[in-house]
Amino acid sequence: MQGYHTAARTRLFPSSVRTFVILTVIRRGFCFLLPASAAPGAASSISPMMSSAMEGRGRVVVQTLTEEGRMDIAIPLSGKLRQLNRLSNEPLQKVFGRIKQAASRSTSTVGKRGFKAGGGEQVAQQKEVLCELFDPRGEKIYEDTLNIDAWKSGNVLKVGEEEFLVDVDPPSVQKLSLLSRPMSGIPLLPLVELRHSSLSACTWRWFRSRQVEDSVAGDGEKEEGENGWEPIADADCRVYTPRTEDVGWKLRVRCLPRKVGEGGGGDGGASAYREGEHKDAETTRAVAELPKSLAGDGRQESTRDRTCSPSFRVVSYNLLASSYADSPFAREKLFPYVPAAAMDADYRKQLQLLELFGYNADILCLQEVDQSAFQEFFEEQLDNAGYSCHFLNKAGSVKEGEAVCFRRERFEVLEKKEVVVKECFKSCFEDGSRHRQYCEMMSDPSNAELYRVLSEKLSTVAQVVALGPRDGAGEEGGLIIVNTHLFFHPEASHIRMLQVSAILTEAMDMKERMEERSQRACAVLFVGDLNSEPDTGAIELLAGGAVSPQHPEWEAHAGFRWGDNGEEEVGVHADSGPSVRREEGQALKGMSLSHPLALASSDGLGSSFTNYVRGYIGCLDYIFYEASALRVEQFVQPPTEEEVDTTALPSFKFPSDHISICCDLTWRKSPLPSSLPSSASLPSPFPTAQDLSVERYPASLYARTRLPQPASPYLVYKAVASLREGKLIGLPIDNEYYIAAASGSPEGVQRLREAQGGGGDLSVCLADPSEASEHAVCNRVPLDLLHHLLSLPATNVVLPRKKLEEAGDPKIVLRCPGQDKGQMYVSGAFSFPRAVARELGMPLVVAPASSSKSCLSVREFRDKWAACAQVFDGGDAEEATKLLTIDMAEEAKVKIRQEDPRAAELQELFSSYGITFDLV
């Protein structure tokens, strides 16, 4: 090594470069005798050495782009950064040519164009620039050397009088950011993008400041305590959870990137790292306090401890994607009651994370997860908490999807499949397809539109993930996790039945393969936002095991049509969703759907709601489990309606329009038969007495606490089904609420009288004024006048009863609600009671929901909900339209209450027909 100190070698460089080269070589493991003027010793990393050795000189940063076969070379010539992108396998000579051109332009004596004193033009004079590259030993690198071999850390580039240290692939922070709105008690995890470094190698420091003005965080040196920023004690790792004392302070994080194994120290300590330049990031707002009331309050008392084998805990949660919540349509139409601060994306996802952590779950199934929120927030946070996460974006252009996350110490992935549901139906005509069962139905001409929607339009996807126990021993088998978010449209329950069937087919295929491979039982969990109430076909198929070709939803939604405007289905919350039109009189050929799994819902299908917004309350989210292999140890009770009723969801307490659902499941010691009959109790013996009452699809679904559903055309079939069974429904008529029975059901009419308390008149609600002659004697009034009177809002017409044997009362009170009006409805909208009567094929018999007052809101007759199989919500009215009763039962005169404001107008109308008019 002494040969490198000869005069011949040292004359290659000026003294300043020699000093730099000597220091660099020391860092790379060479041994030198240093002159007294040299640095006293090596520092613990390269960066400080660069600063002391170069003394204001520049640095060439080279980034190797291996996959592209190129190199990025950045050179600060005369204070201006020059960027070169060159092939890795080209000779150094070509790079020198480009560098010389750039340097020559920088050193021109006049510039691009100049002028002589006499006014004549002169061409700029350019100096010849010398360009050379030396290795750390001072040897010149020849110009025919390839770039990949020439550009090495520690080499020195000399361009004219300027000298540069070559730094290849230095550790660096490309991006660093923090949430803009941190809250105390919620872990704050910087989003970082590193190059040539790793998270485990980086060092972190946290600072705080009372300053609230915007400041620019970057790469410049900021001394601790400078400009109001003070270091936070014991905050030297990537994750920092703001404390109560941090409320009102802004936070800053500093990341120092390091690269393992290039420090040259050889002792495995700090000297074994090569450091880059640090980067800072700051919160834009000060730390805020947590809300005093949180979604997990009370509910998570029973989930403080983790489960242990053979039990495991499952959570399902629709997060309400920000791509829907932040749209103008959502702010103005869907959630106008939610303050903007409560809809803030950073605020909501922090509360959601805190809620998820509070469950201590082993498996998380998330829906409506923004792709960006997953990548930039949830994935990092959950990974840091010990979860492995798998995300699947919906088909199409919408940037939200589903995520399955599981605790790494409990489970490992055996296999996973990403199911694009429309591909299942597209493949049904292929030989050997698992979905051949749909071929006959999809090829029927009457189902052409249904096939088009199922195979082309829908963006529904499902994750099917096979998990195995990490230790591979004990009582646990494998789990087939299905996580999905079914198509949302209220008139598409028949589509959801088919989607469930197709997804179950994929799950069964994986279950069979996993059991054959592992020789152990696998249990299916079907989890997610199914956009289906418990009494709909999709849930009947899951829990009951089958639906028939005569299921009412096939016929009820036969008119479903996708708009032809090229729009893409993007979600229930979007204002640019599918343009759906309904065509009356359309036929739809249904089919039998079935599966062999003994699936049961973790809540026994007894939950009243999981979605609670103004205009809709319903149970849409489920955790179905295979009851032959698993049993429920605990179902975490959802919040009560009183807890969410003040403002509806979302709110400052509940960060989504859905509530999360959670249950603990455990493996049965003695597995039951894999296929169980619908609505049958599981056979004994059982591990616990709780299992004695398990029903997969209870026949007593109507016994569950039911909350109102929208009075929409999509749910007319539900009202009809209840009325045909002799049950009662609550519904809006004009802008008040009534209770109704089918006129042809003596059992239903009797129930109505009992609910009414036995007193008061019952009205007959017609589907059309022309039906009046079927029930009343109408020869005393011109038909056109009668039809006009029946079409008036809030109007009863009393006529002689046509069939006296049907009731003792000789009079019948008829009404035929016109188009729904008032605040409760949109002007010109359809009439729900008339639509129900039309579909039912007979009039409704109705009574006011309360005998003491006019009910303007569905909640004003809550005491009568239990008497109704269904309650339909039309909204709230500011005031009732006074009911007008026109008594035409007596031949001589027409009687109208004197105080009615329409009396004068009606008196003139009757006079034009020559009918006597009395005010009473």
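**Questions at the bench: cysteines, strands, salt bridges and odd backbones**

Biologist: How many disulfides does the count come to?

Modeller: A disulfide here is a pair of cysteine sulfur atoms within 2.5 Å. This is a predicted model, where local features need pLDDT of at least 70 and side-chain atom pairs count only at pLDDT 80 or more, while totals for chains, interfaces and linings use all residues. Residues are numbered from 1 along each chain as its sequence is written, and side-chain values use heavy atoms, with hydrogens and water left out. By the sulfur rule, the disulfide count is zero.

Biologist: Which cysteine has the sulfur closest to that of Cys202?

Modeller: Cys202 is buried at 8% relative accessible area (buried is under 20%, exposed over 50%, partly exposed in between, with a 1.4 Å probe and protein chains only). The closest cysteine sulfur sits 3.9 Å away, so it's too far for a bond. That sulfur belongs to Cys255.

Biologist: Which residue stands opposite Cys255 in E16?

Modeller: The E labels are strands (E, at least two residues) and the H labels helices (H or I, at least four), both DSSP runs numbered from the N terminus. E13 and E16 pair in the antiparallel sense over four bridges, where pairing needs at least two DSSP bridges between the strands. Across from Cys255 in E16 is Lys279.

Biologist: Which are the edge strands of the open sheet with E13 and E16 in it?

Modeller: Four strands make up this open sheet, with antiparallel pairing and the order E12-E11-E13-E16. An edge strand pairs on one side only, and that fits E12 and E16.

Biologist: How far apart in sequence are the parts tied together by Arg208 and Glu230?

Modeller: These two form a salt bridge, with the closest N and O atoms 3.2 Å apart; the rule is a Lys or Arg side-chain nitrogen within 4 Å of an Asp or Glu carboxyl oxygen. Arg208 lies in E11 (203–209) and Glu230 in E12 (230–231), so the parts they tie together are separated in sequence by 22 residues.

Biologist: Is Arg208 buried or exposed?

Modeller: Its partner Glu230 is partly exposed, at 32% relative accessible area. Arg208 comes out at 15% relative accessibility, so it counts as buried.

Biologist: Which strand holds Asp280?

Modeller: Asp280 meets Arg254 in a salt bridge, 3.0 Å from N to O. Arg254 lies in E13 (250–256), and the pair ties together parts 26 residues apart, so look for Asp280 in E16 (279–282). Both side-chain partners are buried, Arg254 in E13 and Asp280 in E16.

Biologist: How many salt bridges does a search of the whole structure find?

Modeller: In general, side chains of opposite charge can pair when their charged atoms come close. Some of them link up into a network here, with Glu415, Lys417, Arg434, Glu506, Asp509, Arg513 and Arg517 as members. For the whole structure, the search finds 45.

Biologist: Which residue in the turn between E2 and E3 has a positive phi?

Modeller: E2 (70–77) and E3 (80–87) run antiparallel and are joined by eight bridges, with Ile73 opposite Leu84 in E3. Their hairpin has two residues between the strands, and the one with a phi of about 50° is Ser78.

Biologist: What is the phi of Asp234?

Modeller: Most residues other than glycine have a negative phi. Asp234 sits in the loop between E12 and E13 and counts as exposed, at 72% relative accessibility. Although not a glycine, Asp234 has a positive phi of about 60°.

Biologist: What is omega for the cis peptide bond joining Leu649 and Pro650?

Modeller: Pro650 is in the loop between H17 and E34. A cis peptide bond also runs from Ser309 to Pro310, with omega near 10°. For Leu649 and Pro650, omega is about -5°.

Biologist: Which residues does Pro698 contact, leaving aside its neighbours within four places in sequence?

Modeller: Pro698 is in the loop between E34 (661–667) and E35 (709–710) and counts as buried, at 10% relative accessibility. Gly544 is 154 residues away in sequence but 8.5 Å away in space, C-alpha to C-alpha. Contact means heavy atoms within 4.5 Å. With those neighbours set aside, the contacts of Pro698 are Gly604 and Leu605.
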